Amino acid sequence: MPSFHFMDNQYAPNRESPLHYDSSARISMVLWGDLKERTGRQAVEARAFSLVVKPRDVKHANQYGRRGARIFSVLFDSDQLPAFLPNGDTYQWYHRGAQLPILR
């Protein structure tokens, strides 16, 4: 079973982060605020209760909204997300009540 730890971050209004990789695979939920996350393939707008499953190798940039955002994350010590996730190491956003299927 992979080991993990938690992170609770608050981001300033209108803050932007350039394209980057995260240091750990993670599952993150927007607790409040909003953001837009861009990858080479897509741009996703996320709001409170949006949840993302993100492998470590996803290059992305973030732009936080006018109120900023607070994001709670579970970071995994291995490069891979845990096997209990139905879509494996697939980068995926879930919005409003849609996160329940990944927790089964």
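Trainee: Quick one. What is the relative accessible area of D8, and is D8 buried or exposed?
Mentor: D8 has a relative accessible area of 40%, so count D8 as partly exposed. Buried is under 20%, exposed is over 50%, and partly exposed is in between (1.4 Å probe, protein chains only).

Trainee: What sort of model is this?
Mentor: This is a predicted model, where local features need pLDDT of at least 70, side-chain atom pairs count only at pLDDT 80 or more, and totals for chains, interfaces and linings use all residues. Residues are numbered from 1 along each chain as its sequence is written, and side-chain values use heavy atoms, with hydrogens and water left out.

Trainee: Back to D8. Which residue meets the side chain of D8 in a salt bridge?
Mentor: R70. The N to O distance between D8 and R70 is 2.4 Å. A salt bridge here needs a Lys or Arg side-chain nitrogen within 4 Å of an Asp or Glu carboxyl oxygen.

Trainee: Where do D8 and R70 sit?
Mentor: D8 is in strand 1 and R70 is in strand 6. They are 62 residues apart, and the pair links distant parts of the chain. Strands are DSSP E runs of at least two residues, helices are H or I runs of at least four, and both are numbered from the N terminus.

Trainee: And R70, buried or exposed?
Mentor: R70 is partly exposed, because its relative accessible area is 30%.

Trainee: How many salt bridges are there in the whole structure?
Mentor: Six. Opposite charges on side chains can pair when the charged atoms come close.

Trainee: Which residues are linked in a network of salt bridges?
Mentor: D22, R26, E37 and K54. Take D22 and K54 to begin with. Their closest N and O atoms are 3.7 Å apart. D22 is in the loop between strand 2 and strand 3, while K54 is in strand 5, so this bridge ties together parts 32 residues apart in sequence.

Trainee: Are D22 and K54 buried or exposed?
Mentor: Buried, D22 and K54 alike.

Trainee: What about E37 with K54? How many Å between their closest N and O atoms?
Mentor: 2.8 Å, and the two form a salt bridge. E37 belongs to strand 3 and K54 to strand 5. That pair links distant parts of the chain, 17 residues apart. E37 is buried, as is K54.

Trainee: New topic. How many helices and strands does the chain have?
Mentor: Zero helices, seven strands. Along the sequence the pattern runs β-β-β-β-β-β-β.

Trainee: How much of the chain is buried?
Mentor: Buried residues are 40% of the 104 in the chain.

Trainee: What about contacts between residues far apart in sequence?
Mentor: Take contacts between residues at least 6 apart in sequence. Of those, 77% join residues at least 24 apart. Contact means heavy atoms within 4.5 Å.

Trainee: Give me a residue to look at. What does M7 touch?
Mentor: Leaving out residues up to four places away in sequence, M7 touches R26, I71, F72, S73 and L75. M7 lies in strand 1, residues 4–11.

Trainee: How far is the M7 C-alpha from that of I71?
Mentor: 8.1 Å, with their positions 64 residues apart along the chain.

Trainee: Why do you call M7 partly exposed?
Mentor: Because its relative accessible area is 25%.

Trainee: Last one, L31. Where is it?
Mentor: L31 is in strand 3, which covers residues 25–39. L31 is partly exposed, with a relative accessible area of 30%.
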